[in-house]
Amino acid sequence: MIELRLNPHIEPFARADSRPSPEEIRARQGLDKIYELANNENPLGPSPRVIEAISAAAGSLSYYPDYSDIELRRAICKVLGPGLSPEHIYTGCSGFESLELIMRAFLTPGDEVILSPPTFSGAYRKVAEPLGARVLEVPLAPETFHYRPQAVLGAISDKTKLIMLCNPNNPTGTIIRAAAMDELMRGLPEHVIVVADEVYHHFVDAPDYPDSLQYVLAEKNIVIVHSFSKAYGMAGLRLGYGIAKPRIANYIAGLLRGFHQNKLALAAGIAACADQAHVRRCVDFLRGEVRWLCEQFDLLDIKYWKPSTNFILFETPMLADELNQKLHERGFLMRAQTGNNLPYAIRVSAGAREANQAFIAALEEILAAASH
């Protein structure tokens with residue numbers, strides 16, 4: 001008898017019924033309200049035009065969507081600016097799938113992928129390792145979380161296929177600066193592709209944030225990934241896309257099946273692209289809430305890393321898992337960073353002012369009790 005053999009790199013999936021919903025948590029713990037500050041979501045939600053487009057499309061759900069996503073890609077190109085064509089774009093069902101498609105397209109057993117933790121390592125590994133790739137880590141500089149391009153270039157071998165960059169970086173909220181990006185791209189061998197995961201790029205206001213599109217237009221080996229989940233407020237719709245020179249973009253798109261985007265996603269994405277004023281309102285709002293949270297951390301003498309995102313990584317004398325549990329008991333959902341080897345750090349998403357004020361009050365109360 002031939003025994004069933006499972007891929008040892010695939011972990012059992014945490015099914016929805018094993019993770020209680022916020023409403024279940026609220027009822028179980030007798031709380032009046034749950035504050036969801038874990039997933040870097042946009043509390044303002046999508047553009048009204050998106051809701052209208054979804055409503056209009058809903059009446060024809062008995063029919064297949066367009067076979068191609070060409071109209072969505074055209075809409076994306078209008079947002080990104082001159083020089084890009086639909087041939088530079090491929091779309092995916094979320095930013096994560098857009099990343100997954102890159103790895104599926106290029107990785108074979110024995111290839112190497114370079115990451116710079118602390119970063120979005122769990123997600124990158126979840127795709128790379130089941131494909132048989134070896135993941136190498138070149139950590140960010142300690143304390144500052146600065147990117148180290150020479151160290152990354154020094155780790156490249158003839159087996160290296162992808163270099164994963166998260167910029168702005170999750171969970172630190174910091175950026176890889178233009179000079180560091182230029183240094184990396186100048187030293188990049190021809191057989192290596194840089195993957196620039198830039199799903200939080202809308203929130204950056206630093207003048208030295210790299211313009212990664214210039215590398216695409218210069219035909220460099222780079223794929224940029226964007227998402228409609230963050231600034232567009234469409235996380236529940238699962239829509240993202242990648243940008244690369246046409247040879248790479250079309251190669252990745254070869255993995256896509258016909259009708260790969262559903263009718264609601266296509267309509268919503270096109271409508272969202274047409275309302276950049278809404279995106280600017282969301283970005284301005286969330287930047288303001290991030291500034292307010294940083295001001296409160298300063299008043300409480302809590303260490304944090306200056307963010308270029310809609311979330312903040314902060315650190316306290318209390319172990320992150322313990323602090324996170326106490327916040328959870330009070331109805332605040334966020335991410336302890338113990339798994340990223342940051343045992344005293346937590347990532348909090350900026351929410352609406354009510355949620356942010358309630359979080360700061362709870363945090364102050366917990367830390368004051370712990371100090372006595």
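This note sets out points on the helix α11, the nonpolar cores, the strand β13 and the internal spaces of a predicted model.

1. Helix α11. This helix covers residues 276–299 and holds 24 residues. At 1.5 Å a residue the expected span is 34 Å, and the end C-alpha atoms lie 35 Å apart, which agrees. After α11 comes Asp 301, whose phi is positive, near 55°.

2. Main nonpolar core. The largest nonpolar core comprises 111 residues, of which Leu 162, Ile 163, Phe 228 and Phe 359 touch the most other members. Helix α11 supplies the largest share of this core, with 8 residues. Apart from it there is another core of 5 residues, including Ile 25, Leu 31, Ile 34 and Leu 333. As a general remark, nonpolar side chains tend to be buried together in soluble globular proteins.

3. Surroundings of Phe 228. Leaving aside residues up to four places away in sequence, Phe 228 is in contact with Leu 72 and Ile 76, with Gly 233, Met 234 and Ala 235, and with Leu 239, Gly 240 and Tyr 241. Its further contacts are Gly 269, Ala 272 and Cys 273.

4. Burial of strand β13. In β13, residues 345–349, 5 of 5 residues are buried. In a regular strand the side chains alternate between the two faces of the sheet. Here both faces are covered: Ala 345, Arg 347 and Ser 349 are buried on one side, and Ile 346 and Val 348 are buried on the other.

5. Partners of strand β13. Strand β10, residues 311–315, pairs with β13 in the antiparallel sense over 5 bridges. Phe 314 has Ile 346 of β13 as its bridge partner. Strand β12, residues 335–336, also runs antiparallel to β13 and is joined to it by 2 bridges. For Arg 335, the bridge partner in β13 is Arg 347, a residue that is itself buried.

6. Second largest pocket. This pocket holds about 460 Å³ of space. Its lining consists of 19 residues, and those closest to its centre are Gly 173, Asp 205, Lys 306, Pro 307 and Ser 308. Helix α11 gives the most to this lining, with 4 residues; α11 also contributes the largest share of the main core.

7. Enclosed space. How many cavities of 30 Å³ or more does the model contain? The count comes to 1. The largest cavity has a volume of about 90 Å³. It is lined by 13 residues, and Leu 140, Tyr 147, Cys 166, Asn 169 and Ile 176 lie nearest its centre.

Definitions and conventions: Residues numbered from 1 in each chain as written. Predicted model: local features only at pLDDT ≥ 70, side-chain atom pairs only at ≥ 80, totals over all residues. Heavy atoms only, no water. Expected span 1.5 Å × (residues − 1). Core = buried A, V, L, I, M, F, W, Y, C linked by side-chain atoms within 4.5 Å. Buried < 20%, exposed > 50% of the residue type's maximum accessible area, 1.4 Å probe, protein only. Contact = heavy atoms within 4.5 Å. Pairing = 2+ DSSP bridges. 1 Å grid on protein atoms, 1.4 Å probe; cavity = no way out; pocket = protein on both sides within 12 Å on 5 of 7 lines; lining within 4 Å. Points joined across faces, edges and corners; volume = space filled by probe spheres on them.
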